[in-house]
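Let's take a friendly walk through this model. We will look at the protein's contact with DNA, and then at how two domains meet.

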2 protein chains.
Amino acid sequence: MSIDMVELRRRFREKQYKVTPQRQKILEVFADHPEEHLSAEDVYSLLRSTAPDIGLATVYRTLEMLEGLAFLHRIEFGDGKSRYELAAGDSSHSHHHLICLSCGTVTEFGDDLLETLESFVSRTTDFQITDHQVKFYGYCGECRKKSGH
Amino acid sequence: MSIDMVELRRRFREKQYKVTPQRQKILEVFADHPEEHLSAEDVYSLLRSTAPDIGLATVYRTLEMLEGLAFLHRIEFGDGKSRYELAAGDSSHSHHHLICLSCGTVTEFGDDLLETLESFVSRTTDFQITDHQVKFYGYCGECRKKSGH
DNA sequence: TTAGCTGCAAATTATTTGCATTCCG
DNA sequence: CGGAATGCAAATAATTTGCAGCTAA
């Protein structure tokens, strides 16, 4: 996956953010690791080889900013650290997470059945939904085989 | 809402946990604050008047234990602290959270449309789901009125 | 009696912030 | 040039842990 630099510059300019090499490198890390849920520390480690001079504080500041610009999605899996993933380009960002209670593995599950629920909520409340997040907890195939859950 | 002490003693005995006054007080706090999402610090503060000698560490340890026993549900709203709420007695624990991006208010939304999605996942993957968590982000009625989102 | 609890203080861990310096636009 | 952004180190904030003294079963 690669980053649309034109779109990036446009969105940055809008908020008068500067396009710095650090920010580009950080986004690249996500582009190079699709389907992964990276913590600030993860990103920092992954940058060690390519750009060893980027500070951890910069990573934190950049992640926060990129989330604000909707380039990244923040997810909390309950392990104490925030994790991020590249937001899908368009609207169909709908994928959910299956979290195994036994081994902790997180797998993706893409689907849009949730749209039904979303529109139902919109219809029955005065809440305007812009985004959603779903997590399923349970036992993955591997673990079920091993322990028979 | 009140706690079923018989059930509690039964579940505690199973894991040989002791029924201490501290643990009871902590559960009472949740019983006295339904529909709220309390952090460890919240619980600790609420106990100040009734049981000023309960330490914060005990609160943390108890919350973790009660989550393990499924007496409590843990939720992360992304504000840096874990929050807990009383798990509904039976299976119909299904209520979701509507999180306002503008004012931060979290409201409950009870529904079970999600069962459909859950059974679909079960059917199409080898993942056995035991629980789920849904969060909707958007703008609440109040804020929409004010800012016209 | 005794394994499990508790309170307290000290230790960790994730994240934030102050500030002098550097750099994009 | 000038306001933003960066790196580093120090500061916070949430949660965890070690330990000696308690207490439920």
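## Meeting the DNA

In this predicted model, sugar or phosphate accounts for 71% of the atoms of DNA strand C that lie within 4 Å of the protein, and bases make up the rest. Strand C is surrounded by 21 residues, and the closest are Tyr60(A), Tyr17(B), Thr20(B), Asp53(B) and Thr58(B). By character, the residues of this surface split into seven nonpolar, seven polar and seven charged.

Some individual contacts are worth finding on your screen. A backbone N or O atom of Lys18(B) sits 2.9 Å from a phosphate oxygen of strand C, and a polar backbone atom of Val19(A) is 3.2 Å from a phosphate oxygen of the strand. Gln22(B) uses a polar side-chain atom, 3.1 Å from a sugar or linking oxygen. The elements giving two or more residues to this surface are α4 (56-68) of chain A, plus α2 (21-32) and α4 (56-68) of chain B.

## Two domains in chain A

Chain A divides into domain 1 (1-89) and domain 2 (94-149). Their centres, taken over C-alpha atoms, are 24 Å apart, and each domain brings eight residues to the contact.

How much area do the two domains of chain A bury between them? The figure is about 660 Å², with 51% of it on carbon and sulfur atoms. On the domain 1 side, His37(A), Phe77(A) and Glu85(A) supply 53% of the area buried against domain 2, more than any other three residues.

## What links the domains

Zero salt bridges are counted between the two domains of chain A, while four residue pairs are in polar contact across their interface. Strand β2 (residues 72-76) of chain A gives the most to the domain 1 side, with four residues. That side comprises two nonpolar, two polar and four charged residues.

Conventions
Residues are numbered from 1 along each chain as its sequence is written. Chains are lettered from A and ligands numbered from 1 in the order in which they are written. This is a predicted model: local features need pLDDT of at least 70, side-chain atom pairs count only at pLDDT 80 or more; totals for chains, interfaces and linings use all residues. Side-chain values use heavy atoms; hydrogens and water are left out. A residue is near a molecule or strand if one of its heavy atoms lies within 4 Å of it. A polar contact is a pair of N or O atoms within 3.5 Å; within protein, one must be able to donate a hydrogen and the other to accept it, and residues adjacent in sequence count only if both atoms are side-chain atoms. Ala, Val, Leu, Ile, Met, Phe, Trp, Tyr, Cys and Pro count as nonpolar, Asp, Glu, Lys and Arg as charged, and the others, Gly among them, as polar. Domain bounds come from an automatic or database domain assignment. Contact means heavy atoms within 4.5 Å. Buried area is the accessible area (1.4 Å probe) that two parts lose on being put together, summed over both. A salt bridge is a side-chain nitrogen of Lys or Arg within 4 Å of a carboxyl oxygen of Asp or Glu.
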